[in-house]
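Please look over the sequence and the model below before reading on. The notes after them take up a few helices and residues in turn.

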Amino acid sequence: MSVQQNVWFITGCSTGFGRALAQEVLAAGHKAVVTARNVAQVQDLVEGNDQALALPLDVTDVTQVREAVEAAEKHFGGIDVLVNNAGIGYFAAVEEATDDEIRRIFDINVFGLSDVIRAVLPGMRARCSGTIVNFSSIGGLRAFPAVGYYAATKFAVEGLTDALRQEVAPLGITTLLVEPGPFRTDWAGRSANETLPEREIADYADTVGAQRAAFRADTGKEPGDPHAAARAIITALAADSHPQRLLLGTPAYGMAIEQLESMLAEIRANEALTKSADFDASAA
């Protein structure tokens, strides 16, 4: 669908992809609702621009989600493009993780995303148009040590979006999964929690510990440019028939191809064993 002069509603605009996307959307002449838990952090994006609206939004607060969507629709007349960008990371071995941190990452990355979608969909259905952009990750296609729960949330986003795409397509609504690789968004910096040192298990030092250290060491050195990624998303949605998923960055492309080819090879190698689980048709 064309995004010319459409209204974009973007979550998590204080930093990273959300902030870059808000800036690029506005620079391209579109309208944008920019949101953040602390709305003061996005006021600079809207000052002197009647094409922009800043709203407070904690995606884990269902009441605030509904109020933000209602305010956006009242101000601009509707939401054409929803971008679910808000999210957090968490570094811990599966065994090291705490209940509170596991629930927190799912509350933000999955349940918060779901609440925003459900608040926006009625308006899109009424207009028989709209696009929902859900930020996943290369971690939604393949997992890595130390980020098992983060990957679990992104695998959930992938499945939810795939089902949503099929449900809303007949209603004139489209979806886009965005799957970035490493970008300079401070994802592995201040915005990611990790297991407490006293909970670290020495047996995982060579896997979880090494990967966690590598993530932290690469912060600020990642090859991906958030503004280039934002422009790629805008370009993708401007196409008459936009893709269902968009990998972002050279590393993501390489890792995705490697993962999918490996999976396909293993599936084919076990074809006979897989099909042996069926009832014996000859005995029927």
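What follows is a short briefing on selected helices and residues.

The structure shown is a predicted model. Two topics concern helices, namely helix H8 at residues 250–269 and the pair formed by helix H1 (residues 16–27) and helix H7 (residues 226–238), whose axes come within 8 Å. The remaining topics concern two single residues, Ala 229 in helix H7 and Val 62 in helix H3.

**Helix H8**

- Helix H8 has 20 residues, and at 1.5 Å a residue these should span 28 Å, which agrees with the 29 Å that separates its end C-alpha atoms.
- The residues Ala 252, Met 255 and Ala 256 of H8 are buried, and because the buried residues fall within an arc of 100° when the helix is seen down its axis, they line one face of H8.
- These buried residues of H8 pack against two strands, S7 (173–180) and S9 (245–248).
- Thr 250, Tyr 253, Glu 261, Arg 268 and Ala 269, by contrast, are exposed on the other side of H8.

**Helices H1 and H7**

- The axes of H1 and H7 cross at roughly 55°, and the two helices are therefore oblique to each other, since this angle falls in neither the parallel, the antiparallel nor the perpendicular range.
- The crossing of H1 with H7 is right-handed.
- On the H1 side, the residues that meet H7 are Phe 17, Ala 20, Leu 21, Gln 23, Glu 24 and Val 25, while the H7 residues that they meet are Pro 226, His 227, Ala 229, Ala 230, Arg 231 and Ile 234.

**Ala 229 in H7**

- Ala 229 belongs to helix H7 and is one of the residues of H7 that meet H1.
- With a relative accessibility of 3%, Ala 229 counts as buried, because the cut-off for a buried residue is under 20%.
- When its neighbours within four places in sequence are left aside, Ala 229 is in contact with Phe 17, Phe 183 and Leu 248.
- Phe 183 lies 46 residues from Ala 229 along the chain, and the C-alpha atoms of these two residues are separated by 9.0 Å.

**Val 62 in H3**

- Val 62 is part of helix H3, which covers residues 62–76.
- The relative accessibility of Val 62 is 32%, so this residue counts as partly exposed, a class that lies between under 20% for buried and over 50% for exposed.
- Val 62 and Phe 111 are 49 residues apart along the chain, and their C-alpha atoms are separated by 9.8 Å.

Definitions and conventions: Residues numbered from 1 in each chain as written. Predicted model: local features only at pLDDT ≥ 70, side-chain atom pairs only at ≥ 80, totals over all residues. Heavy atoms only, no water. Helix = DSSP H or I, 4+ residues; strand = E, 2+ residues; numbered from the N terminus. Expected span 1.5 Å × (residues − 1). Buried < 20%, exposed > 50% of the residue type's maximum accessible area, 1.4 Å probe, protein only. Arc of directions from axis to C-beta. Contact = heavy atoms within 4.5 Å. Axes fitted to C-alpha atoms, helices over the stretch in contact; angles between N-to-C directions. Parallel < 35°, antiparallel > 145°, perpendicular 65-115°, else oblique. Left-handed = near helix turned anticlockwise from the far one by under 90°.
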